[in-house]
Amino acid sequence: MPDAPNYNSTYEPEANAARYGMRVNPKTYHVMSTLEKLGMNQTRFGAPYCPCLPNHSEDTICPCRYMREMKACRCGLYVRKEDVK
């Protein structure tokens, strides 16, 4: 059986979170589930489109435009620093 892909290194959630003043959600299962969905979108559609949005465009590639501009992640992959206890 092949090794599971390492989505943490593929999508660099920690680096993306830091770049936009956010943090990665502390709920590991939620993060892994979301990263897996991003990987499925990468395989199926050619880019890691946000799994929470039905349309696929440059604006919905993770981290999506909404997260970058509003500092709010619909998927919950990223959370605001002040929301993490």
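1. Let's start inside this predicted model: the largest cavity has a volume of about 50 Å³. If you are setting a filter, note that the structure holds one cavity of 30 Å³ or more.

2. Which residues line the largest cavity? The lining is made up of Cys-50, Cys-62, Pro-63, Cys-64, Met-67, Cys-73, Cys-75 and Tyr-78. By class, the lining of the largest cavity has eight nonpolar residues, with no polar and no charged ones.

3. Helix H3 is worth a look too. Helix H3 covers residues 28-45, and at 1.5 Å a residue its 18 residues should span 26 Å; the C-alpha atoms at the two ends are 25 Å apart, so the length agrees with expectation.

4. Now for the sides of H3. Val-31, Thr-34, Leu-35, Leu-38, Gly-39 and Asn-41 are the buried residues of H3. They sit on the same side of H3, because the arc they cover around the axis is only 160 degrees. On the face turned away from this buried side, H3 carries the exposed residues Tyr-29, Thr-43 and Arg-44.

5. Is Gly-39 buried or exposed? Gly-39, which lies in helix H3, has a relative accessible area of 5%, and since buried means under 20%, Gly-39 counts as buried. Its C-alpha atom is separated by 8.9 Å from that of Tyr-49, ten residues apart along the chain.

6. One last backbone detail for you: Gly-46 follows H3, and the phi of Gly-46 is positive, near 90 degrees.

Methods. Residues numbered from 1 in each chain as written. Predicted model: local features only at pLDDT ≥ 70, side-chain atom pairs only at ≥ 80, totals over all residues. Heavy atoms only, no water. 1 Å grid on protein atoms, 1.4 Å probe; cavity = no way out; pocket = protein on both sides within 12 Å on 5 of 7 lines; lining within 4 Å. Points joined across faces, edges and corners; volume = space filled by probe spheres on them. Nonpolar A, V, L, I, M, F, W, Y, C, P; charged D, E, K, R; others polar. Helix = DSSP H or I, 4+ residues; strand = E, 2+ residues; numbered from the N terminus. Expected span 1.5 Å × (residues − 1). Buried < 20%, exposed > 50% of the residue type's maximum accessible area, 1.4 Å probe, protein only. Arc of directions from axis to C-beta.
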